[in-house]
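Reader: I would like a close look at a single part of this model, namely the surroundings of the ligand, together with the sheets and loops of the chain that holds it. Please take it step by step, and keep each statement to what the coordinates support.

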Amino acid sequence: MKRAWVTGSHGFVGPWLIRELQDRGVQAWGIDRPGAPLLSDPVFEQLELDLVDEEAVRRALESTRPEVIFHLAAQSSAGLSFEQPWETLQVNLHTTVSLLEAMRRMKEPRPVLLAIGSSEEYGPVERDEPPVDEDHRLRPASPYAVSKAAQTLLGLQYHKAYGLRVICTRSFMHTGPGQSERFVFSSFARQIAELERQNGGGILRVGNLAAVRDVSDVRDVARAYCELVEKGEPGEIYNVCSGRGFTIEEGLKVLRSLSKAEIQVEVDPARLRPLDVPVLVGNPSRLRERLGWVPSTAIEKTLGDLLEFWRGRIRAESSPAKPADAKRRFP
Ligand code: A2R
């Protein structure tokens, strides 16, 4: 792989993936909506493109001829999708169909598309069930999960119908520096950094601490994505996960152990989802067998780096000399 597109490059995973691509000597184009707060480091090509504009996507693909498209762009929050179901479906499906249609109309050689799906596609799993493999039945429990299940099905359908080289992931929870505070561990880390900055203690608001999740570091996930497009089988789905379950409460405990702040935990009903998935742990066998990929970052390091990220961000936000623009910097 020499040239790649990364859609949604100014989101959370995008900058980490671009860094991984650069380390591998790949030329990357970051694709984002016009008006997106573009990264300030000019270390890769940035292309302003609304992916719902199929004709613009086709022209851009013809002129840049990437060998691989990493399709990260999405409305990526399951929680927000309950409030914005229609926008979630529109963004997640329209962007995918635009890319697939543009690829279908292109002359050969056409790029490989890595369609980033989600473990949320599986929906509720019984506590005594083994980690889910890719053949597990789907019971998506949010509009976001429905949109990702549909994205995967579309990718597989275009592969079968037109021979497009589409590889699908079902990515389990991942976190690390740069993640939006809409996501659970980033929310906890931000709140802890704020409490440290204010008076050294106070209330930390949480949602469902009992949920069990399979959590990976974003840098390990970026590595898996790069290897999948080289070694993955088109028309296949791959769980990207560690295979280990971990309660949200355990993650909170790790974060609390990294801070001297006096923290009281309080459940905030607004943080509970209308329908939650109690346990979501993946079986990583297919990914391991195909790529030999294993996560290499300990959760303590991931959460420690996340907390450091938020400490830096809060410092920057409270310093009048430096407006907070961490989102726009390359992590
Ligand atoms: O909504 P914005 O303006 O913040 O931009 C988001 C971008 N995006 C788009 N880019 C181009 N054309 C569009 N029509 C379009 N709609 C959304 O995708 C945002 O910068 C990016 C997604 O970033 P995050 O929300 O931070 O997602 P994250 O955590 O990087 O996840 C990457 C993928 C997603 O497909 C997730 O559903 C999956 O991994 O877990």
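Author: What follows begins at the ligand and then moves outward to the strands, the helix that lies across them and two loops.

The model is predicted, and every statement below should be read with that in mind. Around the ligand there are 19 residues, and those that come nearest are Phe-12, Arg-33, Ser-76, Tyr-144 and Lys-148. Sorted by class, this shell holds 10 nonpolar, five polar and four charged residues.

Which atoms make the polar contacts? On the backbone side, a polar atom of Val-13 is 2.8 Å from an oxygen atom of the ligand, and a polar backbone atom of Ala-74 is 3.2 Å from an oxygen atom of the ligand. A side chain takes part as well, since a polar side-chain atom of Asp-50 is found 2.9 Å from a nitrogen atom of the ligand. Taken on its own, the ligand has 800 Å² of accessible area, and the protein covers 86% of it. Two elements, α4 (85-105) and α5 (143-162), are the ones that give two or more residues to the shell around the ligand.

One of these helices, α4, leads on to a sheet, for it lies across β1 (3-7), β4, β5 and β6 (166-171), and its direction runs at about 170 degrees to that of β4. The sheet in question is open and is formed by seven strands, which follow one another in the order β3-β2-β1-β4-β5-β6-β11 with parallel pairing. At its edges stand β3 (45-48) and β11 (237-240), each of which pairs on one side only. Neighbouring strands in this sheet are turned against each other by 20 degrees on average, if direction is ignored. Within it, β4 (residues 68-71) and β5 (residues 112-118) pair in the parallel sense over four bridges, and the bridge partner that His-71 has in β5 is Ala-115.

A further open sheet consists of three strands in the order β12-β9-β14, and here the pairing is mixed. Because β12 (246-247) and β14 (279-280) stand at the edges with a single partner strand each, one side of each is left without a neighbour in the sheet. Strand β9 (residues 212-213) pairs with β14 in the parallel sense over two bridges, and Val-212 has Val-279 as its bridge partner in β14.

Two loops that border strands of the seven-stranded sheet remain to be described. In the loop between α4 and β5 lies Pro-109, and the peptide bond that leads to Pro-109 from Glu-108 is cis, with omega near 0 degrees. In the loop between α2 (54-64) and β4 there is Arg-65, whose phi is near 45 degrees, a positive value in a residue other than glycine.

Note on methods: Residues numbered from 1 in each chain as written. Predicted model: local features only at pLDDT ≥ 70, side-chain atom pairs only at ≥ 80, totals over all residues. Heavy atoms only, no water. Near = heavy atom within 4 Å. Polar contact = N/O pair within 3.5 Å; in protein donor to acceptor, adjacent residues only side chain to side chain. Areas by Shrake-Rupley, 256 points an atom, 1.4 Å probe, with all protein chains shown as cover. Nonpolar A, V, L, I, M, F, W, Y, C, P; charged D, E, K, R; others polar. Pairing = 2+ DSSP bridges. Axes fitted to C-alpha atoms, helices over the stretch in contact; angles between N-to-C directions. Contact = heavy atoms within 4.5 Å.
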